[in-house]
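Student: I have a model open and would like to learn how to read it. Could we go through it one feature at a time?

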Amino acid sequence: MRAKYVLTEVFVGLWRNVTMTIAMIITMAVSLTMLGASLMLYLQVGDMKDWYYDKVQVSVFLTSDISDQQRADLKTRLETDPAVQKVFWESKEQAYERFKQQFRDLPDLVKSIGPDSLPESFRVTLKDPNQSTAFKTALEKAAGLDTTATTDDGTAASPSADPSASPSGGTGTTTATTAAGDTKPIAGIKQVVDQKKLLEKIFSIIGSVQSMALIVSVAMGIAALLLVANTIQVAAYSKRREVAVMKLVGASNWFIQAPFVLEAVFAALLGSVLAFLALVAGKVFLMDGSLSDLNQILTPLSWGRVLLMLPIIALIGGLISSITGWVTLRAYIKK
Amino acid sequence: MIRLEHVTKTYPKASRPSLDDVSVSIEKGEFVFFIGPSGSGKSSIIKLLLHEMAPNRGKVVVNNKDVTSIRGWSISKFRRTIGCVFQDFRLLPNRTAYENVAFALEVIGKSKAVARRVVPEVLELVGLGGKEHRYPHELSGGEQQRVAVARAFVNRPLILLADEPTGNLDPDTSIEIMRLLDRINRTGTTVVMVTHDSNIVNQMRRRVIEIEGGRIVRDQARGVYG
């Protein structure tokens with residue numbers, strides 16, 4: 001009986017302020033969509049980081065005048081290094097084939113590059129991909145390359161010159177000694193490239209997109225919160241006679257507040273369902289649709305993850321609106 | 001039944017207290033008038049008894065309970081033991097007489113079956129038999145006040161507070177309402193009525209407590225308006 005009373009009150013209340021209700025639902029939906037999207041982005045980027053960082057390689061580009069003996073020596077050195085898991089040699093021809101494949105959409109660029117202009121390289125997979133920076137530094141030092149001169153690496157100056165060298169730099173030096181074996185510089189290395197550095201740049205861009213999405217969703221969330229507070233006050237004002245009588249005859253605060261709070265929660269749940277549908281649409285039309293080419297770069301977004309968003313945003317939306325509603329009403333009813 | 005002990009109430013920003021060290025004791029089953037000019041502090045007493053506000057100093061005891069110490073959930077339970085009638089009736093305009101009275105039962109969790117049994121009874125008691133399904137705007141002022149009395153009495157409260165219940169009514173209707181309150185009083189309910197209607201006070205010849213400037217200046221059994 002009481003449940004029926006409360007439910008009737010909820011729907012009558014929602015219908016009475018139908019424009020406000022719609023505004024509340026839309027704001028909720030938009031802010032929860034943003035929240036869900038940025039949450040998924042966050043999880044997705046985490047996955048991508050794991051996936052990519054696990055595959056980080058150090059490319060050792062060789063000079064064009066390297067002799068077969070030097071190449072063999074270098075290969076042995078790299079393979080015997082305790083930090084190295086695998087060494088893969090890419091010839092000039094292989095490099096050219098890969099280049100053609102990568103830039104097949106840009107035939108002019110491919111034409112301008114001859115099969116001879118790309119350097120051969122060793123692709124070194126490390127046992128611990130996190131050590132790639134240290135490995136690169138050590139190798140460069142062993143090869144007698146001036147690390148400070150390489151543009152893509154500002155962090156690693158030569159350890160002896162830099163008293164604040166990081167601990168990882170220290171382990172790197174140890175690795176270098178084992179890699180080099182003796183003090184004679186390794187010949188034939190032109191450049192050492194640490195893929196992790198490139199990835200870090202990409203991920204820092206993604207990270208700022210992430211924080212922007214999060215900031216927008218928080219701002220929208222605050223707007224939704226204020227709208228809930230306002231809507232509930234309007235609803236409470238339109239029912240002030242009932243509220244006064246209820247207080248007079250000793251209705252509990254719970255009984256007075258429940259219909260208003262449930263109104264807000266109902267709107268929030270409806271908003272979160274809309275937000276969920278928007279996320280589903282986003283997956284179908286964006287991730288699986290127009291952006292599906294990016295699936296080679298992005299790890300694919302699973303349905304499980306999209307489904308996971310429904311309880312999360314429903315919970316967040318419901319909690320925010322019920323707490324806001326409760327607090328607003330407490331202040332309002334006390335008057 | 002009701003005891004005020006050295007109660008002082010000063011509203012924020014007011015220069016002088018609206019109740020100044022007031023002590024009074026009302027026994028079970030009494031019928032008491034609080035009289036005095038506007039702003040003398042008599043309505044503050046009703047608000048204190050209902051726990052709508054707390055005194056700055058002193059103690060308010062109702063039904064052997066220290067009202068000032070009641071918190072939260074208990075306030076609503078406490079209010080169920082007190083019926084209340086006001087000058088402006090405070091009925092819900094979109095509900096019939098029956099529904100207005102039943103609403104009081106509904107919001108404290110009584111079932112519809114209880115309402116079906118009790119509400120017609122109490123409406124009969126206040127003399128509204130046959131008018132259960134009229135809306136407030138279809139009833140006269142006196143009849144509306146009867147609905148309000150029925151609503152206040154339907155929970156069989158121990159105390160009935162009436163804040164100028166005849167303030168909006170003509171003298172004849174006022175007397176009818178007073179007869180009704182008298183009948184309720186005879187069932188054992190303590191009635192506390194705030195008024196400045198001298199005719200009524202003089203006719204009823206009940207205990208009269210006169211307040212002026214926040215202080216009790218007269219407390220007389222079987223008193224007159226004076």
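The dialogue below takes up the fold of one chain, the contact between chains, a pair of domains, and salt bridges.

Student: Before anything else, what kind of model is this?

Tutor: This is a predicted model. Every value we discuss is computed from it.

Student: Where do I start with chain A? How many helices and strands are there in chain A?

Tutor: Begin with the secondary structure, then look at burial and contacts. Chain A holds eleven helices and four strands. It has 335 residues, and 42% of them count as buried. Among contacts in chain A with a separation of 6 or more, 85% are between residues 24 or more positions apart.

Student: Next, the interface. How many residues does the contact take from chain A and from chain B?

Tutor: For an interface, ask who takes part, how much area is buried, and what the surface is made of. Here 15 residues come from chain A and 24 residues from chain B. Together the two chains bury about 1,700 Å², with 66% of that area on carbon and sulfur atoms.

Student: Which elements of chain A give two or more residues to the side that touches chain B?

Tutor: They are helix H1 (2-16) and helix H9 (240-248) of chain A. H9(A) gives the largest share of that side, six residues. Sorted by class, the side of chain A that touches chain B has eight nonpolar, two polar and five charged residues.

Student: With five charged residues on that side, how many salt bridges are found across the interface of chain A and chain B?

Tutor: Class and pairing are separate readings, to be checked one after the other. The rule finds zero salt bridges across the interface of chain A and chain B. It does find one residue pair in polar contact there, both at pLDDT 80 or more.

Student: Now chain B. What does the domain assignment give for chain B?

Tutor: Look at the ranges, since a domain may be written as more than one segment. In chain B, domain 1 is 1-81 + 158-226, and domain 2 is 92-156. Taken over C-alpha atoms, the centres of these two domains of chain B are 24 Å apart.

Student: How many residues are in contact between domain 1 and domain 2 of chain B?

Tutor: Read it as you read the interface between chains. In chain B, 14 residues of domain 1 are in contact with twelve residues of domain 2. The two domains of chain B bury about 1,100 Å² between them, and 68% of this lies on carbon and sulfur atoms. Arg80(B), Leu180(B) and Ile184(B) supply 41% of the area that domain 1 buries against domain 2, more than any other three residues.

Student: What polar pairing is there across these two domains of chain B?

Tutor: The count is three residue pairs in polar contact between domain 1 and domain 2 of chain B, both residues at pLDDT 80 or more. One salt bridge is found across that interface. Arg146(B) and Glu176(B) form a salt bridge, with their closest N and O atoms 2.7 Å apart. On the domain 1 side, helix H6 (residues 171-186) of chain B gives the largest share, seven residues. By class, that side has eight nonpolar, three polar and three charged residues.

Student: How many salt bridges are there over all chains?

Tutor: The count comes to 21 over all chains. For a single pair, check the distance, the positions of the partners and their exposure. Take Lys100(A) and Glu97(A), whose closest N and O atoms are 3.5 Å apart. Why are they about one helical turn apart? Because they lie three residues apart in helix H4 (residues 92-102) of chain A. Lys100(A) is partly exposed at 31% relative accessible area, and Glu97(A) is partly exposed at 47%.

Student: Could we do a second pair in chain A?

Tutor: Glu200(A) and Lys197(A) meet in a salt bridge at 3.9 Å, N to O. Both lie in helix H8 (residues 195-238) of chain A, three residues apart, or about one turn of the helix. Glu200(A) has 33% relative accessibility and counts as partly exposed, whereas Lys197(A), at 17%, counts as buried.

Student: Why does Lys197(A) count as buried?

Tutor: Because buried means under 20% relative accessible area, and Lys197(A) is at 17%.

Student: And an example from chain B?

Tutor: Glu5(B) forms a salt bridge with Arg3(B), the closest N and O atoms being 2.9 Å apart. Glu5(B) is partly exposed at 26% relative accessibility, and Arg3(B) is partly exposed at 34%. Salt bridges can also share partners: in chain A, they join Asp68(A), Arg71(A) and Glu120(A) into one network.

Definitions and conventions: Residues are numbered from 1 along each chain as its sequence is written. Chains are lettered from A and ligands numbered from 1 in the order in which they are written. This is a predicted model: local features need pLDDT of at least 70, side-chain atom pairs count only at pLDDT 80 or more; totals for chains, interfaces and linings use all residues. Side-chain values use heavy atoms; hydrogens and water are left out. Domain bounds come from an automatic or database domain assignment. Contact means heavy atoms within 4.5 Å. Buried area is the accessible area (1.4 Å probe) that two parts lose on being put together, summed over both. A salt bridge is a side-chain nitrogen of Lys or Arg within 4 Å of a carboxyl oxygen of Asp or Glu. A polar contact is a pair of N or O atoms within 3.5 Å; within protein, one must be able to donate a hydrogen and the other to accept it, and residues adjacent in sequence count only if both atoms are side-chain atoms. Ala, Val, Leu, Ile, Met, Phe, Trp, Tyr, Cys and Pro count as nonpolar, Asp, Glu, Lys and Arg as charged, and the others, Gly among them, as polar. Buried means under 20% relative accessible area, exposed over 50%, partly exposed in between (1.4 Å probe, protein chains only).
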